[in-house]
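Trainee: Before we interpret this model, I should like to go through the terms used to describe it and see how each one is justified.

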2 protein chains.
Amino acid sequence: MSSKNKVFIATSLDGYIADKQGGISWLDDIPDLGNEDMGYAAMMASTDALIMGRNSFETVLSFDIDWPYDKAVFVLSNTLKSIPPALADRVFLEKGPLKEVLKRLHSQGFKELYIDGGKTIQNFLREDLIEEMIITTIPVLLGAGIPLFGLLDKPLKFKCVESKIYAGEILQSRFLRKK
Amino acid sequence: MSSKNKVFIATSLDGYIADKQGGISWLDDIPDLGNEDMGYAAMMASTDALIMGRNSFETVLSFDIDWPYDKAVFVLSNTLKSIPPALADRVFLEKGPLKEVLKRLHSQGFKELYIDGGKTIQNFLREDLIEEMIITTIPVLLGAGIPLFGLLDKPLKFKCVESKIYAGEILQSRFLRKK
């Protein structure tokens with residue numbers, strides 16, 4: 001099986017994944033979607049593992065919920081020393097250059113990887129390591145915040161292969177890297 | 001007839017309307033669309049007049065082409081002293097607060113207005129004066145450039161009511177202000 005790194009994330013119409021204070025309360029404001037998960041379960045079903053940064057990991061831990069992932073999660077961190085014992089069989093620390101991390105995960109059979117967290121996504125894009133992005137656009141202009149995309153050494157071309165509207169107002173579009 | 005201010009613009013996937021140098025050469029790189037104008041003629045047909053800033057006006061003048069608009073164009077500028085004589089029956093200078101400019105244009109029968117140019121669009125949005133945005137997303141990440149959207153005093157909610165894909169890769173989506 002070939003490998004794939006994919007992004008599945010929501011942004012504001014002006015491209016922010018969090019407001020100026022790092023908050024995501026503007027996401028609470030979207031219309032009731034009922035049982036509609038906007039493709040999350042299907043995306044997860046084809047995912048072998050998640051890769052996220054320390055910030056995202058600690059944010060998930062801070063939510064007062066059960067651990068939400070049933071796939072292996074690899075946390076990229078050069079500073080984190082250990083994973084809470086309760087998660088030791090599901091969450092694993094990784095460090096070092098991204099291409100080497102990917103080589104290790106691929107050799108362990110983790111091929112289709114869900115890359116999450118703003119900084120981690122930017123780091124992957126800067127090394128042109130993202131093949132697919134499913135971006136859910138919450139149609140609000142925040143005016144400022146933490147942007148999804150960042151600086152690049154060179155432009156990266158994608159193609160939009162699919163777009164959908166949920167609840168009459170939320171846009172979701174799927175982009176594939178065009179090489 | 002009620003009035004409407006609308007935006008029809010192309011941006012990169014990371015939200016830039018021009019590259020770091022102000023250039024738009026990345027737009028030359030899109031696939032051949034044949035006679036497909038991505039809705040431009042239809043949008044123009046329902047337009048009474050355009051409003052743009054001095055930058056956009058001077059950019060259009062700098063292109064070695066015939067004047068491209070058959071609708072009245074109002075140029076917002078506090079510094080421009082006059083319009084080239086050849087355009088005096090089609091291009092008009094306006095200055096002062098946006099709401100007063102709009103009142104004047106409405107009273108002259110210009111109701112449906114196409115707001116163009118990055119800074120002008122941002123100024124209209126900052127005063128919550130945009131009702132509709134048709135955004136064509138060229139699926140390239142530039143990494144830096146001149147952003148379409150800017151700072152706002154407060155978030156503005158829209159809803160995405162339509163999305164289309166052109167040439168198998170370009171996304172166009174239509175947003176209406178949700179109040």
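**Terms and evidence**

Mentor: Let us begin with two aromatic residues: F57(A) is buried, and W67(A) is buried as well; buried means under 20% relative accessible area, exposed over 50%, and partly exposed in between, with a 1.4 Å probe and protein chains only. This is a predicted model, in which local features need pLDDT of at least 70 and side-chain atom pairs count only at pLDDT 80 or more, while totals for chains, interfaces and linings use all residues. Residues are numbered from 1 along each chain as its sequence is written, chains are lettered from A and ligands numbered from 1 in the order in which they are written, and side-chain values use heavy atoms, with hydrogens and water left out.

Trainee: What makes the pair of F57(A) and W67(A) edge-to-face?

Mentor: The structure holds 10 aromatic pairs over all chains. Rings of Phe, Tyr and Trp (its six-membered ring) pair if their centres lie within 6.5 Å, and planes under 30 degrees apart count as stacked, over 60 as edge-to-face and the rest as tilted. The centres of F57(A) and W67(A) are 5.8 Å apart and the planes stand at 75°, so the pair is edge-to-face. Ring pairs also join F57(A), W67(A) and Y69(A) into a cluster.

Trainee: Why are the buried residues of helix 3 of chain B said to line one face?

Mentor: Helices (H or I, at least four residues) and strands (E, at least two) are DSSP runs, numbered from the N terminus. In helix 3 (residues 98-107) of chain B, the buried residues are L98(B), V101(B), L102(B) and L105(B). Seen down the helix axis, they fall within an arc of 100°, so they line one face of the helix; the arc is that of the directions from the helix axis to the C-beta atoms. The face turned away from this buried side carries the exposed residues K103(B) and S107(B).

Trainee: How do you know that chains A and B are related as by a two-fold rotation axis?

Mentor: A turn of 180° with a shift of 0.0 Å along the axis lays chain A on chain B with an RMSD of 0.0 Å. The two copies are thus related as by a two-fold rotation axis. The superposition is by least squares on the C-alpha atoms of residues with pLDDT of at least 70 in both.

Trainee: What confidence does the predictor give the complex?

Mentor: The complex receives an ipTM of 0.95 and a pTM of 0.95.
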